[in-house]
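Biologist: I should like a close look at one part of this model, together with its surroundings. Please state the conventions on which the description rests.

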Amino acid sequence: MTVKRIHIIISGLVQGVGFRMFVLREASARSLSGWTRNLPDGTVEVEAQGNSELVDELTRQTRIGPSRSSVTSIKVKEIEVDTSDREFRILT
């Protein structure tokens, strides 16, 4: 199994629409670790780590988002794996 970690910034109507909870559910369903949080500029930030194929699936889901959201763009980059990260959580 190839493990990777990604950093994503999601733009659009992504705050106040359940986006972080959506990401938490999608990541947890794939047994990924990492976190998500709202940023002051109105975007949502995500770091996710796990099986490479499952991380790619999560990335595809963030392009869609929950039904009340409207994603206009996402920026994705691969970053260094964090072996201490064990669960997925919402940061405040």
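Which residues of helix α1 are buried, and against which elements do the buried residues of α1 pack?

Modeller: The model is predicted, so local features require a pLDDT of at least 70 and side-chain atom pairs a pLDDT of 80 or more, whereas totals for chains, interfaces and linings use all residues. Residues are numbered from 1 along each chain as its sequence is written, and side-chain values use heavy atoms, leaving out hydrogens and water.

In α1, the buried residues (under 20% relative accessible area with a 1.4 Å probe, protein chains only; exposed is over 50%, partly exposed in between) are Phe 19, Phe 22, Val 23, Leu 24, Glu 26 and Ala 27. They pack against β1, β2, β3, β4 and β5, and also against α2. Helices (H or I, at least four residues) and strands (E, at least two) are DSSP runs, numbered from the N terminus.

The five strands make an open, mixed sheet in the order β4-β1-β3-β2-β5, where a pair requires at least two DSSP bridges. β4 (70-79) and β5 (88-90) each have a single partner strand and stand at the edges, so one side of each has no neighbour in the sheet. On average, neighbouring strands are turned by 20 degrees against each other, direction ignored. At the β5 edge, β2 (residues 33-38) pairs with β5 in the parallel sense over three bridges, and Thr 36 stands opposite Ile 90 of β5.

Helix α1 (residues 19-29) packs on this sheet, touching β1 (3-13), β2, β3 (44-51), β4 and β5; contact means heavy atoms within 4.5 Å. The direction of α1 makes about 170 degrees with that of β5; axes are lines fitted to C-alpha atoms, for helices over the stretch in contact, and angles between N-to-C directions run from 0 to 180 degrees. Helix α2 (residues 52-64) also packs on the sheet, touching β1, β3 and β4, and its direction makes about 155 degrees with that of β3.

The two helices pack at about 155 degrees, with their axes 10 Å apart. α1 and α2 are therefore roughly antiparallel (over 145 degrees; under 35 is roughly parallel, 65 to 115 roughly perpendicular, the rest oblique). Phe 19, Phe 22, Val 23, Glu 26 and Ala 27 of α1 meet Leu 58, Gln 61 and Thr 62 of α2.

As for the flanks of α1, Gly 16 lies in the loop between β1 and α1, and at 66% relative accessibility Gly 16 counts as exposed. After α1 comes Ser 31, with a positive phi near 55 degrees.
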